Amino acid sequence: MPWPASDPVMQDQMQAETATPDTSLTGAVPEDAASDKAKILIVDDDERNLTALQLILEELGEELVFTRSGEEALRYLLHNDCALILMDVLMPGMDGYETAGLVRSRERSRHIPIIFLTAVSRNEVHEFKGYTAGAVDYVFKPIEPFILRSKVAVFVDLYKKTREISHKVEQERRLLLENQQAQASRLAAEMALLRAEEGQALILRSLPIALYSMSADAPFQARLKISETVQGPSGFAADRFLEPGFWFHRIHVDDQPQVRQLFERLPETGSCVTEYRWLCADGTMRHFLNHAVYLARGEDAAPEIVGSWLDVSERRLLEQQAVHGQKMDSLGRLTGGIAHDFNNMLTVVISSLDRMRRATDSGNPAVRNIDLALSGALRCADLTKRLLSFARHQQLEPRPLDLNALVSDTEVILRRLISDTIFLDVLRAPDLWHVYADPIQLESALINLAVNSRDAMPEGGHLTVETSNVVIRAATGSDIPAGEYVSLSVTDTGIGIPPAHIDKVFEPFFTAKEVGKGTGLGLSIIYSFVRQSGGYIRLSSTVGKGTTIQILLPRLLAALEPQIEGAPIADIPKAQAGEKILVVEDDPAVRVAVSAFLHDLGYAVLEADNGETAIAALKGRDGVTLVFSDIAMPGAFNGYQLAAEVASLYPELPVLLTSANAGGVTNSAQHLYDWPFLQKPYRNIDLALAIRQAISEKPQSYLRG
């Protein structure tokens, strides 16, 4: 068979372009088409030797791979395996010994047998060198074809048997792995089925529904045969319902006539659905939906009533909570509206009384009457703050606080709230630490706790309000971290809280009071407020002995600055030359009162009854020093929108906002601006100070961030 010319250029091109030898002259097929044949790698630089070896070995029917150098053979072995390597010893470049050493040094090819082919005369030194390099045999030229075929056949057969054994081992390993996976899948399926069955059984046992049957002859004295699931909602085992009349006599007395009427008519109607209250084992009345069907068994059997018993207490509770929520929302809106109008009227009254007090000589007998009227108006202002806090429209204002002073101020209200049969004891700790909290919210919390205690003592009792300093040195058994706290506790000698309700009392809408006597919101609001203030709540209660709720607020380490009730009348700041204020107020009485006071201070005043008029006034006249605007106004601009428009048109013009109740007004620019604010009703001194401060500040300071 002819062999291609072995010029150096062709050899270099082949070495550079291919990592596997050219087998086109041998008729050898690619590996993926002859995977059942063993590969025999022949390495010889002499084309005649390659042709001769091809003729000798092609009878074996194996795949012959020819390479012309050690480098080409090594490149082939990088990605291919073979049964045997026949290698010439003497080759240009890398000889057979060096090539064999590199073959043996590689993990992938070190197991391949190597037979050296050599024309050198038999010499022990050469043989030792070849065996040292890794050869398993030597074949000397001229080659005896039969001997060479026999030797090659032995190694090929050994290779095939080794490969067959490896293949069988791999098959057994794969079968074992598949078997293990199948076993694991079967076990997982069995476990999943078992869990599903357990889950279904648990669901069936926990469902608040029970199936029953009873005699139709005397249903109200009948023995009820009922499923075991009845124990969950009722608290009674199924055999208790076998007692005559046990089921019917525990129905609420007000619901018994309706149930009796429906069951007596069952022979006519065939079925009925009724809902009633039923006294459970824990003493609570739960709501049950009873669906009953009348079965006329015929002449040989007595008629029977069968049906289902479903606990619908949770649904009824949700319905009641929704009704209470709507009532509270409506009441909050009504309260906020009343407080808004009342604050506007108080603004007029307080401003007018302040002006009268300022204009009246201190020796005039009318001063005492003015002071009394002013004191009453300020008390009314405090009342509207409480109303807005109840309606959740009051802006939270935490500040340094003395709890003893707060308790003293609230004591009068508490004594009016509780009945004459309840003795109130107020214990104030000396040297009480200060706290940082919203006084309105804290006072509301105290009043709410006192009302709850009053309701828990319908026959009278003892109510104790106590303040104290508390040091928690370790949080063992508690979620309250170590630290210094100020305690405000309310203790009563009332009916107490059942253990089953202890963990629920701070949940929204939970209440143990009768329907219509409690919303279940009070304690949840207190809990939220205390936690937002960085504090904690402790609750302890014993049924029949009473309850203690303790509010713990973190100690304020800073000293409490004395509260200044107001600057003296003589210190009211006056207007400076040329200052003009635009008063924007939709309530005419408030607008007149404010404008009159500002005139007294020396300001020039422009008036506007809405936002559109205010913008027109700003465009038509120059020299406005400050815009003083109400927030809640009719028209296209509320106070926030007016302030934003002023900031856009006149960036250097300061704005002061006021409102009797801004809780329901949308502030779309709140993320951009933080305008100064004065809550109605206000004293004239407060208005004068707020105006001077707003004028002195730069409007750029209103920008957030």
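**Core packing and a helix pair in the predicted model**

Leu 403 contacts Leu 432, Val 435, Leu 442, Thr 467, Val 486, Ser 487 and Leu 488, not counting neighbours within four places in sequence. These contacts come from a predicted model. Leu 403 also belongs to the largest nonpolar core, which holds 36 residues. Along with Leu 442, Leu 446, Leu 463, Val 465, Ile 526 and Ile 551, Leu 403 touches the most other members. At least two residues of this core come from each of α13 (403-417), β12 (422-427), β13 (435-437), α14, β14 (461-472), β15 (483-492), α16 (522-532) and β17 (546-554). Helix α14 gives the most, with 6 residues. Another core lies apart from this one. It has 27 residues, including Ala 216, Ala 222, Val 230 and Tyr 276.

Arg 454 also sits in helix α14, which spans residues 439-455. Its relative accessibility is 27%, so Arg 454 counts as partly exposed. Beyond its neighbours within four places in sequence, Arg 454 is in contact with Leu 417, Ile 418, Ser 419 and Ile 422. Leu 417 is 37 residues from Arg 454 in sequence. In space, their C-alpha atoms are 8.3 Å apart.

A helix pair was examined next. Helix α17 (residues 588-600) packs against helix α20 (residues 684-696) at about 70°, and the axes are 11 Å apart. The two helices are therefore roughly perpendicular. The crossing of α17 past α20 is right-handed. Helix α17 contributes Val 594, Phe 597 and Leu 598 to the contact, and α20 contributes Asn 684, Leu 687, Ala 688 and Ile 691. Of these contact residues, 6 are nonpolar, 1 is polar and none is charged.

Methods: Residues are numbered from 1 along each chain as its sequence is written. This is a predicted model: local features need pLDDT of at least 70, side-chain atom pairs count only at pLDDT 80 or more; totals for chains, interfaces and linings use all residues. Side-chain values use heavy atoms; hydrogens and water are left out. Helices (H or I, at least four residues) and strands (E, at least two) are DSSP runs, numbered from the N terminus. Buried means under 20% relative accessible area, exposed over 50%, partly exposed in between (1.4 Å probe, protein chains only). Contact means heavy atoms within 4.5 Å. Axes are lines fitted to C-alpha atoms, for helices over the stretch in contact, and angles run from 0 to 180 degrees between N-to-C directions. Angles under 35 degrees count as roughly parallel, over 145 as roughly antiparallel, 65 to 115 as roughly perpendicular and the rest as oblique. A crossing is left-handed if the near helix is turned anticlockwise from the far one by less than a right angle, and right-handed if clockwise. Ala, Val, Leu, Ile, Met, Phe, Trp, Tyr, Cys and Pro count as nonpolar, Asp, Glu, Lys and Arg as charged, and the others, Gly among them, as polar. A nonpolar core is a set of buried Ala, Val, Leu, Ile, Met, Phe, Trp, Tyr and Cys residues joined through side-chain atoms within 4.5 Å.
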